[in-house]
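Here are my notes on the model, point by point. Please read them with the structure open.

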Amino acid sequence: MNAQKRYEIFARLREHNPHPTTELDWQSPFELLTAVLLSAQATDVGVNKATARLFPVANTPQAILELGLDALKGHIKTIGLYNTKAENLMKTCRILVERHGGEVPDTRAELEALPGVGRKTANVILNTAFGQPTMAVDTHIFRVSNRTRIAPGKNVVEVEQKLLRHVPKEFLHDAHHWLILHGRYTCVARRPRCGSCVIEDLCEYQEKVDIG
């Protein structure tokens, strides 16, 4: 795929959705970090329901620590793997209080040092909370990047590096939101909705499905 086609793809995605953002509910970097930690193998809708119960009670690292592990589990028990997620969140909160003054750090190394925070989660926080032009490659972005040929790669790191290299700078900050939403609602895994896709004529997918 050439640079001109990539530019047109992101120009159309921007025109279709000028101000994309995460579908997780959050009001502070810590709330976003918590929501992303809880979102592994869970839907954003499910996470939002749990955090709607949790955040009014405790939405800072110190408040989570004071809430205690058992009470935390009670607030998030509707989410899959809630036991492990609760334990990781408690450990993360302790580190944030003891090493970062209760604030979420804005560097990849410090974020990835937190329990349960991997490269993808760190990229989400850096991009969405701190405005850095990172690319959080999840299953949706991986699929869309390979299927459209915007940035084909054998693994998430390869796709991430290609996207950072090939996405025009003016689109880079919002690109990962556009690609996630496109993969979630249009370029879905089993039967992509090619007939209602705003970039269908630019996409290089060889097995397009003619449905709306």
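1. Buried here means under 20% relative accessible area, exposed means over 50%, and partly exposed is what lies in between. By that cut-off helix 9 is mostly covered, with eight of its 10 residues buried. One caveat before going further: the model is predicted.

2. Which residues of helix 9 are buried? They are His 140, Ile 141, Arg 143, Val 144, Ser 145, Asn 146, Arg 147 and Thr 148. Charged side chains are on that list, Arg 143 and Arg 147 among them. The buried residues of helix 9 pack against helix 10 and helix 11. Arg 147 also has a ring partner: it lies over the face of Tyr 205, at 5.0 Å from the ring centre.

3. Look next at Arg 149, in the loop between helix 9 (139-148) and helix 10 (156-166). Its phi is near 75°, a positive value in a residue other than glycine. Arg 149 has a relative accessible area of 36%, so it counts as partly exposed. What does Arg 149 touch, leaving out residues up to four places away in sequence? The contacts are Met 1, Arg 6, Val 144 and Glu 204. Of these, Val 144 is one of the buried residues of helix 9. Met 1 is 148 residues away along the chain, yet the C-alpha atoms of Met 1 and Arg 149 are separated by 6.3 Å.

4. Now the aromatics. The structure holds three aromatic pairs. In one of them, the ring centres of Tyr 7 and Phe 171 are 5.0 Å apart and the planes stand at 65°, so this pair is edge-to-face. The link is a long one in sequence: Tyr 7 sits in helix 1 (residues 3-16) and Phe 171 in helix 11 (residues 169-185), 164 residues apart. Is each partner buried or partly exposed? Tyr 7 is partly exposed, at 37% relative accessibility. Phe 171 is buried, with a relative accessible area of 0%.

5. Phe 171 has another partner in Phe 10. Why does this pair count as stacked? The centres of the two rings are 6.1 Å apart and the planes are at 25°, so the pair is stacked; the cut-off for stacking is under 30 degrees. Phe 10 belongs to helix 1 and Phe 171 to helix 11, so the pair ties together parts 161 residues apart in sequence. Both Phe 10 and Phe 171 are buried. Tyr 7, Phe 10, Phe 171 and Trp 178 form one aromatic cluster.

6. Helix 6 (residues 82-100) passes a length check. It has 19 residues, which at 1.5 Å a residue should span 27 Å; the end C-alpha atoms are 25 Å apart, which agrees. Its buried residues are Lys 85, Ala 86, Leu 89, Met 90, Thr 92, Cys 93, Ile 95 and Leu 96. An α-helix has 3.6 residues a turn, so residues three or four places apart point the same way. The buried residues of helix 6 pack against helix 2 (29-38), helix 4 (61-67) and helix 5 (69-76).

7. Check the backbone at both ends of helix 6. Leu 81 is in the loop between helix 5 and helix 6. Leu 81 is not a glycine, but its phi is positive, about 60°. Just after helix 6 comes Gly 101, also with a positive phi of about 60°.

8. The largest pocket deserves a look. Its volume is about 680 Å³. The lining counts 31 residues, and those nearest the centre are Ser 39, Asp 44, Lys 120, Asp 138 and Arg 184. Two or more lining residues come from each of helix 2, helix 3 (44-54), helix 6, helix 8 (119-129), helix 9 and helix 11. Which element gives the most to this lining? Helix 11 does, with six residues.

9. Last, the enclosed space. There is one cavity of 30 Å³ or more. The largest cavity has a volume of about 70 Å³. It is lined by 13 residues, and His 182, Cys 187, Cys 194, Cys 197 and Cys 203 are the closest to its centre. Hydrogens and water are left out of the side-chain values.

Technical notes:
Residues numbered from 1 in each chain as written. Predicted model: local features only at pLDDT ≥ 70, side-chain atom pairs only at ≥ 80, totals over all residues. Phe/Tyr/Trp six-rings, centres within 6.5 Å; stacked < 30°, edge-to-face > 60°. Helix = DSSP H or I, 4+ residues; strand = E, 2+ residues; numbered from the N terminus. Buried < 20%, exposed > 50% of the residue type's maximum accessible area, 1.4 Å probe, protein only. Lys NZ or Arg CZ within 6 Å of the ring centre and 35° of its normal. Expected span 1.5 Å × (residues − 1). Contact = heavy atoms within 4.5 Å. 1 Å grid on protein atoms, 1.4 Å probe; cavity = no way out; pocket = protein on both sides within 12 Å on 5 of 7 lines; lining within 4 Å. Points joined across faces, edges and corners; volume = space filled by probe spheres on them.
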